Amino acid sequence: MTQGGQGVQGGRGVQGGRGSGRGKSRDPKTRDKATDPARRVALDVLRAVRRDDAYANLLLPRLLRERGLDRRDKALATELTYGTARTAGLLDLIIASAAGRAISEIDGDLLDVLRLGSYQLLRTRIGSHAAVSTSVDLVRAEHGMGQAGFVNAVLRKVSQRDEQMWIDVVAPSMVDDIVGHLAVTYAHPRWIAEVFAESLGSIGELQAALAADDQRPIVHLVARPGQITAEELALISGGEEGRLSPYCVYLPEGDPGSLDAVRDGFAGVQDEGSQLVALALTRADVGEDAGRWLDLCAGPGGKAALLGSLADLDGAGLDAVEVSEHRAKLIENIVDGLPVTVHIADGRDSGLEPGFDRILVDAPCSGLGSLRRRPEARWRRTPEEVPQLVELQTQLLTEAMRLVRPGGVVVYSTCSPHPAETTGVVAAVLGAVDGAEQLDARPLVAGDAVEPESLGSGPHVQLWPHRQDTDAMFMAVLRKPVTH
Ligand SMILES: C[S@@+](CC[C@H](N)C(=O)[O-])C[C@H]1O[C@@H](n2cnc3c(N)ncnc32)[C@H](O)[C@@H]1O
């Protein structure tokens with residue numbers, strides 16, 4: 001996808017056989033065959049997402065493997081599935097307007113096809129004839145001519161405007177409601193745009209934040225220390241060494257699952273921001289480190305594996321607590337051979353003896369900071385979920401402060417920039433633990449390529465896709481007083 005600016009660059013009308021300028025990436029000439037396997041896979045995933053609450057990023061790779069798509073069809077199916085899932089709310093506004101009826105009045109199966117067709121019309125280079133006719137064919141095969149006629153009529157109407165023209169129709173005006181306008185333009189629910197604005201402290205950067213979140217990110221790999229270096233991993237994967245984490249490799253294309261290093265567990269898929277959180281825990285000054293480390297919310301184990309590798313090199317050991325049995329098994333698999341002990345337990349009452357030198361609380365959260373990587377998530381989350389999460393986060397961090405030894409540190413992190421889940425939780429716990437202090441997290445994250453000052457005013461660190469090109473990870477470092 002190209003950078004999604006405020007105006008749609010190019011903005012060519014689709015009547016000439018092309019959609020708008022944003023997100024154009026494919027030569028359509030050979031993609032016009034009806035119900036080709038790529039569109040079939042995309043539709044099946046979108047349907048499972050809507051009907052069964054499936055996760056597109058888990059189901060799609062499975063279907064691509066099972067159905068034996070070639071490389072080009074895999075790329076097309078991936079673009080159409082993730083793109084459509086990510087923009088579903090915006091597409092629905094356009095479809096409702098074109099159909100002249102509410103989305104709730106459109107049959108779900110037809111809506112999936114309309115979303116897939118509209119996405120092709122508005123955000124890909126696929127010709128409008130191909131986008132419409134392949135959609136009609138998908139419906140005709142399953143639902144007959146009548147329904148196919150409806151889909152044909154709606155998509156033809158959608159094709160009469162490009163994306164920017166439709167935004168002018170369906171979005172609130174920028175003058176009356178700038179947040180609402182930007183939310184629609186960059187395909188986000190309004191409440192999430194409000195949360196981003198609140199976390200950023202103004203709406204000045206909101207457009208950049210939403211635009212970055214409206215892109216498909218490249219894959220980040222972690223080279224597990226002591227097992228493979230980032231330089232080696234970059235060489236064998238064809239990727240590029242990361243800018244921020246010494247263990248990160250950017251993989252612009254290709255299937256990470258096909259790399260031997262990933263299959264053998266020397267490397268894994270992990271956002272660079274998550275690597276920085278684990279790193280911050282190991283870099284914090286705790287005085288004499290007896291090597292008792294704890295990951296209190298460890299599943300599925302990405303950070304536990306990185307911490308375990310670093311603990312191995314340091315002669316330390318890591319206890320990894322996870323409440324879900326299934327996720328605890330995932331940790332077991334990923335930390336095989338490392339000095340990590342997995343406990344299936346509630347982190348609020350794990351039964352572990354206090355006295356840890358370093359504790360990570362990578363708390364369950366709304367996930368608003370990793371929406372780029374989970375295409376449908378933004379349309380599933382609701383603001384009503386947040387207070388309950390905040391309560392759990394506060395309890396987990398409070399327990400971590402009990403388990404850490406005097407002088408030891410707790411890193412509290414979320415893959416969410418929501419102020420209630422981040423600074424709100426930290427302030428509440430700091431206020432409740434006598435003498436606890438918050439350390440400046442910025443020097444623990446900064447490196448050769450990043451000055452601490454570029455990470456905000458501290459003491460916490462809030463990463464952002466539009467600033468660091470990582471997920472919007474939050475981290476705060478708390479130290480328990482020595483006299484406590
Ligand atoms: C954000 S994820 C952690 C991600 C993990 N650190 C990683 O890097 O792979 C939060 C985890 O906390 C677990 N969790 C939720 N409630 C918990 C609790 N009360 N005690 C321990 N773990 C909990 C969830 O099941 C989930 O696996």
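UniProt, in an unreviewed entry, lists Cys415 under "active site". Before going further, keep in mind that what you're looking at is a predicted model. In that model, Cys415 turns up in the loop between β9 (404-414) and α19 (423-432). Buried or exposed, then, for Cys415? Cys415 is buried, because 27 other C-beta atoms lie within 10 Å and 20 or more is enough to count as buried. Setting aside residues up to four places away in sequence, Cys415 touches Cys365, Gly367, Gly369, Ser370, Asp471 and Met473.

**The domain and its ligand**

The same database gives a wider label too: the unreviewed UniProt entry places "domain: SAM-dependent MTase RsmB/NOP-type" at residues 195-481. That span is 35% helix and 20% strand, and its end C-alpha atoms lie 33 Å apart.

Now for the ligand. A shell of 18 residues surrounds the ligand, and the closest are Cys297, Gly299, Gly302, Lys303 and Gly347. Two elements give two or more residues to this shell, namely α15 (302-314) and β6 (317-322). Sorted by class, the shell holds 6 nonpolar, 6 polar and 6 charged residues.

The UniProt record has something to say here as well: its unreviewed "binding site" feature takes in Cys297, Ala298, Gly299, Pro300, Gly301, Gly302, Lys303, Glu322, Asp346 and Asp362. Two of the listed glycines are worth a visit. Gly299 sits in the loop between β5 (292-295) and α15, while Gly302 belongs to helix α15 itself. Which residues does Gly299 contact beyond its neighbours within four places in sequence? They are Glu322, Ser324, Arg327, Ala328, Leu330 and Ile331. Under the same rule, Gly302 is in contact with Gly268, Gln270 and Ser274.

Here's how some of the residues in this report sit in the model:

| Residue | Other C-beta atoms within 10 Å | Class |
|---|---|---|
| Cys415 | 27 C-beta atoms | buried |
| Gly299 | 24 C-beta atoms | buried |
| Gly302 | 22 C-beta atoms | buried |
| His460 | 21 C-beta atoms | buried |
| Arg467 | 17 C-beta atoms | partly exposed |

**His460 and Arg467**

The last two table rows deserve a closer look. His460 lies in the loop between α20 (442-445) and β11 (461-462). Not counting residues up to four places away in sequence, His460 touches Thr423, Val426, Ala441, Phe474, Met475 and Ala476. Take Ala476: this residue is 16 residues along the chain from His460, yet their C-alpha atoms are separated by 4.6 Å.

Arg467 has its place in helix α21 (residues 465-468). Why does Arg467 count as partly exposed? With 17 C-beta neighbours inside 10 Å, Arg467 falls between the limits, because buried needs 20 or more and exposed needs 12 or fewer. The C-alpha atoms of Arg467 and Ala212 are separated by 9.0 Å, although the two are 255 residues apart along the chain.

**A sheet of four strands**

There's also an open sheet of 4 strands to find, in the order β2-β3-β1-β4, with antiparallel pairing. Which strands stand at the edges? They are β2 (240-241) and β4 (267-269), and each has a single partner strand, so one side of each is left without a neighbour in the sheet.

Follow the pairing from β2. Strand β2 and strand β3 (residues 248-251) run antiparallel and are joined by 2 bridges, and the pair forms a hairpin with 6 residues between the strands. Within that pairing, Glu240 has Tyr250 of β3 as its bridge partner. On to strand β1 (residues 219-223), which is joined to β3 by 4 bridges, again antiparallel. Here Val219 stands opposite Leu251 in β3.

**Helix α4**

Last stop: helix α4 (residues 88-99). Its 12 residues reach 16 Å from first C-alpha to last, close to the 16 Å expected at 1.5 Å a residue. Which residues of α4 are buried? They are Ala88, Leu90, Leu91, Asp92, Ile94, Ile95, Ala98 and Ala99. The cover over these buried residues includes α3 (71-86), α5 (108-123), α7 (145-158), α8 (163-170), α9 (178-185) and α17 (377-380). Right after α4 comes Gly100, with a positive phi near 70°.

Key
Residues are numbered from 1 along each chain as its sequence is written. This is a predicted model: local features need pLDDT of at least 70, side-chain atom pairs count only at pLDDT 80 or more; totals for chains, interfaces and linings use all residues. UniProt positions are given in the numbering used here, feature names are shortened, and annotations may be inferred rather than shown by experiment. Two residues are in contact if their C-beta atoms, placed from the backbone, lie within 7 Å. A residue is near a molecule or strand if its C-beta atom, placed from the backbone, lies within 6 Å of it. Ala, Val, Leu, Ile, Met, Phe, Trp, Tyr, Cys and Pro count as nonpolar, Asp, Glu, Lys and Arg as charged, and the others, Gly among them, as polar. Two strands pair if DSSP finds at least two bridges between them. The expected span of a helix is 1.5 Å times one less than its number of residues.
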